[in-house]
Amino acid sequence: MTHPQRLLGPSRGECSGRTASRTPLAREVGGAIDRRVATHTGGCLCEAVRFEVAEPLTRIEVCHCSRCRRSYGVGFAATVYARSAGFSWTRGRDAVTAYDAPLRTSPPAYRHTFCARCGSPLPIVRDDFGFVEIPVGTLDRTPDRPPAYEIFARSKPPWLPASVAGRSFDAAAPRAEHVARELAGKRDR
Ligand SMILES: [Zn+2]
Ligand SMILES: [Zn+2]
């Protein structure tokens with residue numbers, strides 16, 4: 001997120017703080033939506049929770065911010081986005097748990113979603129913004145294209161290669177808020 005907070009929240013040093021842009025989505029995410037599969041499926045480790053999304057996915061975004069590092073237990077988060085209209089939980093909806101971290105500057109809060117039984121990260125559904133953010137490791141079919149870009153690269157751990165994505169931003173991506181609007185169906189226009 002990007003959690004949505006990576007797209008929309010302005011807190012400093014975290015997933016957030018992006019500014020609006022007029023750059024088309026295709027350019028923003030490097031050309032950039034995978035339309036080859038009509039419906040994507042995925043789930044958690046214990047398989048209590050399953051989901052599907054009948055929408056194109058963006059290319060992968062990698063975030064190195066401190067909150068993603070904690071919430072995913074790795075050096076970074078690797079996620080894709082889709083419009084939330086085509087997303088549904090197909091099993092285990094009751095086990096889907098969301099945690100909103102304390103605000104650092106302004107809304108929306110950094111949100112992490114996980115399975116209450118096994119703790120696996122799960123997609124973060126933001127119907128309020130019209131998109132869902134999906135950790136790539138939850139997908140049954142792993143995306144085969146490299147990440148489009150990485151954000152908060154200034155927080156990248158030293159054990160990672162210097163470059164993990166085509167483009168790198170020290171903080172938030174400058175145009176990602178626009179990505180969210182594109183995914184939401186340009187409803188702001
Ligand atoms: Zn589970
Ligand atoms: Zn992050």
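What follows is a friendly exchange about how some labels on this predicted model are earned.

Biologist: How many helices and strands does the protein have, and what share of the residues is buried?

Modeller: The protein has 4 helices and 13 strands. Of its 189 residues, 44% are buried.

Biologist: Why is G119 called partly exposed?

Modeller: G119 has 13 C-beta neighbours inside 10 Å. A buried residue needs 20 or more and an exposed one has 12 or fewer, so with 13 neighbours G119 counts as partly exposed.

Biologist: Where is G119 found, and how far is G119 from C46?

Modeller: G119 is in the loop between β9 and β10. In sequence G119 and C46 are 73 residues apart, while in space their C-alpha atoms are 8.9 Å apart.

Biologist: What makes you say that strand β8 lies largely in the open?

Modeller: Strand β8 covers residues 96-100, and of these 5 residues the number buried is 0. Buried would take 20 or more other C-beta atoms within 10 Å, and no residue of β8 is counted as buried, so the strand lies largely in the open.

Biologist: How do you know that β8 and β9 pair?

Modeller: Pairing takes at least two bridges, and β8 and β9 have 5 bridges in the antiparallel sense, so they count as paired. For T97, the bridge partner in β9 is F114.

Biologist: What makes β2 and β7 edge strands?

Modeller: Both belong to an open sheet of 3 strands, ordered β2-β3-β7 with antiparallel pairing. β2 (40-43) and β7 (87-91) each pair on one side only, and that makes them the edge strands. Neighbouring strands of this sheet are turned by 25° against each other on average, direction ignored.

Biologist: How do you know that β3 and β7 pair?

Modeller: The test is at least two bridges. Strand β3 (residues 50-53) and β7 have 4 bridges in the antiparallel sense, so the test is met. R50, for instance, has R91 as its bridge partner in β7.

Biologist: Which residues of the largest nonpolar core touch the most other members?

Modeller: Among the 32 residues of that core, they are V62, C63, F76, V80, A82, V132 and I151. To belong, a residue must be buried, of a listed type such as Val or Cys, and joined through C-beta atoms within 7 Å.

Biologist: Which element gives the most to this core?

Modeller: That is β6, with 5 residues. The elements giving two or more residues include β6 (77-83), β9 (111-115) and β11 (131-135). In soluble globular proteins, nonpolar side chains tend to be buried together.

Definitions and conventions:
Residues numbered from 1 in each chain as written. Chains lettered and ligands numbered in written order. Predicted model: local features only at pLDDT ≥ 70, side-chain atom pairs only at ≥ 80, totals over all residues. Axes fitted to C-alpha atoms, helices over the stretch in contact; angles between N-to-C directions.
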